[in-house]
Amino acid sequence: MNTSDRFLEDAPWISDQGDGTYLNPILHADYSDPDVIRVGEDFYMTASSFGHIPGLPILHSRDLVNWKLINHAVPSMELAGYDKPQHGNGVWAPSLRYHGGKYWIFYGDPDVGIMMTTADHPAGEWAPLHLVKEGRGLIDTCPFWDEDGQAYLIHAYANSRAGIKHKLRMCRMAPDGRHLLDEGQLVYDGTEQHPTLEGPKLYKRNGYYYIFAPAGGVATGWQTVFRSRDIWGPYEDKIVLHQGEMDINGPHQGGWIELESGESWFVHFQDKGAFGRVVHLQPVHWVDDWPLMGVRREGQEIGEPVERYRKPNVGRSYPIEVPASSDEFDGSALGLQWQWQANPERAWYSLEARASWLRLFAVPQGERASGLYHAPHLLMQKMIAPSSRITVKIDPSGLASGDTAGLLVFGYRYRYLGVRRTEEGLLVLFLASGNEQREEELWSTQLKGEAPFCLRVEIREDASCVYSYSFDETEFQSVITSEPWIASEGKWVGAKAGIFCLGSGGGFADVDWFRVTNPASAQKGE
């Protein structure tokens, strides 16, 4: 069995049920504010990445159910301040479009303005970010090119920066997408009927202009669709999807896709707290030129999300696939699933220093050294399932005095199982928890040798995390604390898991592999 086959067999979450149906969410991972397009037989998705680098993930699918992470549009953030973590800032709610033979992404940076990048192919190189319109609080941007050659852009506001809420503004835009042509006008005020109106996506179908936009808040809201024969309105509104009697809260913003078969589908997210904003797929049925989403209970006018449904009709079946999470560190580059807390420096790591191992150098903590919350060199990835087991094999022998390396689950609060070298040259295994203000050690034990060993965290459906360790990759000893530790979300993002090394800058830790598996796997050591 090769590595990819083993990874799929042990994958903690697979949406495709193998019988022509899929299970929601299609991605049980924090791809917040997803937008999706179809170009021929290919589907592409992007999502918010906030301050994590690389940013603007690009995913590809052939059937809207099985997805692969293929690129990032922003390899580094060329804006001031991104040498340090920017929790909750950066890339908010992007829109992905295909127009004029190019792929376009627009997004709003709440502290900078409306940004844009283009590419000839989503898997290729994306152009440097271009500032379309400077302004604080301009978010959730979506471009639109009409049949007559005129271009437009619609956006919402971040109340925290602009002092404006519930409103959508439409502007004329230069056809090349590089600047706006006017100050625009408000096309809908949702203060009364649709509070916290945001995330607009603009489309045209059968002579109607449609704005798909969520309202009511991320955790408790609904999907609204607005339509008008004139792009400037007035727009009539209809709620087309809500939680109803289902357990799928939200359901929040996303993108509409029409297939060659004539079917329509809607991709959106659900806020699942520590697990992030996970991605769902809803069928869409057009009735009297209104898109009705999900399924409707008898006597009800508004759709509810589906839990399990038949897969989209794309003309054929495609292999089951999930975004990568495990990494054997056998290649010349880190897997695309990895992100840093700030613009990375090559001095932080090496894949060449030791064949088939990742070397993490002990980066000095620097200012605000009370813990890991503000550390830029944390190498982390999204949680990918409602329960999972993460195991990492680490060689601590390269640690210098005062250096620490470990396995981390990170959010507003964090916990890690780490190993450090004392001033006496000994190695100590310890458990620590922290948040933005402080960090404390909860447990420790001295190691007897310097051989590589395994660290593990098992993440359960209630987001509780149990840490353990092993010296033979088979028998694991749990680290028991008096109270269970529950992972938490971060600023607008779900909790992330990963590895780190910090200290004086003189030492290093080597990581042989990082494996994310199903806790029910029969293979104890993966």
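In this predicted model, the charged end of Arg-420 sits over the ring of Phe-430, 4.5 Å from the ring centre. A second arrangement of this kind involves Lys-382, whose charged end lies over the ring of Tyr-31 at 4.8 Å from its centre.

Rings also meet one another, and the count of aromatic pairs comes to 32. Take Tyr-208 and Tyr-210: their ring centres are 5.9 Å apart and their planes stand at 50°, so this pair is tilted. Tyr-208 has a relative accessible area of 12% and is therefore buried, and Tyr-210, at 0% relative accessibility, counts as buried too. Another tilted pair is formed by Phe-212 and Phe-266, with 6.1 Å from centre to centre and 35° between the planes. Here the pairing links distant parts of the chain, since Phe-212 belongs to strand β15 (residues 208–215) and Phe-266 to strand β19, 54 residues apart. Phe-212 is buried, with a relative accessible area of 1%, and Phe-266 is buried at 0%. Both of these pairs feed into a cluster in which ring pairs link Tyr-203, Tyr-208, Tyr-210, Phe-212, Trp-256, Phe-266 and Trp-286.

Strand β19 (residues 264–271) also holds His-268. With a relative accessible area of 0%, His-268 is buried. Its side chain makes a polar contact of 3.1 Å with the side chain of Gln-282. Leaving aside residues up to four places away in sequence, His-268 touches Pro-34, Leu-241, Pro-251, His-252, Gln-253, Gly-254, Val-278, Val-279, His-280 and, once again, Gln-282.

Conventions:
Residues numbered from 1 in each chain as written. Predicted model: local features only at pLDDT ≥ 70, side-chain atom pairs only at ≥ 80, totals over all residues. Heavy atoms only, no water. Helix = DSSP H or I, 4+ residues; strand = E, 2+ residues; numbered from the N terminus. Buried < 20%, exposed > 50% of the residue type's maximum accessible area, 1.4 Å probe, protein only. Polar contact = N/O pair within 3.5 Å; in protein donor to acceptor, adjacent residues only side chain to side chain. Contact = heavy atoms within 4.5 Å. Phe/Tyr/Trp six-rings, centres within 6.5 Å; stacked < 30°, edge-to-face > 60°. Lys NZ or Arg CZ within 6 Å of the ring centre and 35° of its normal.
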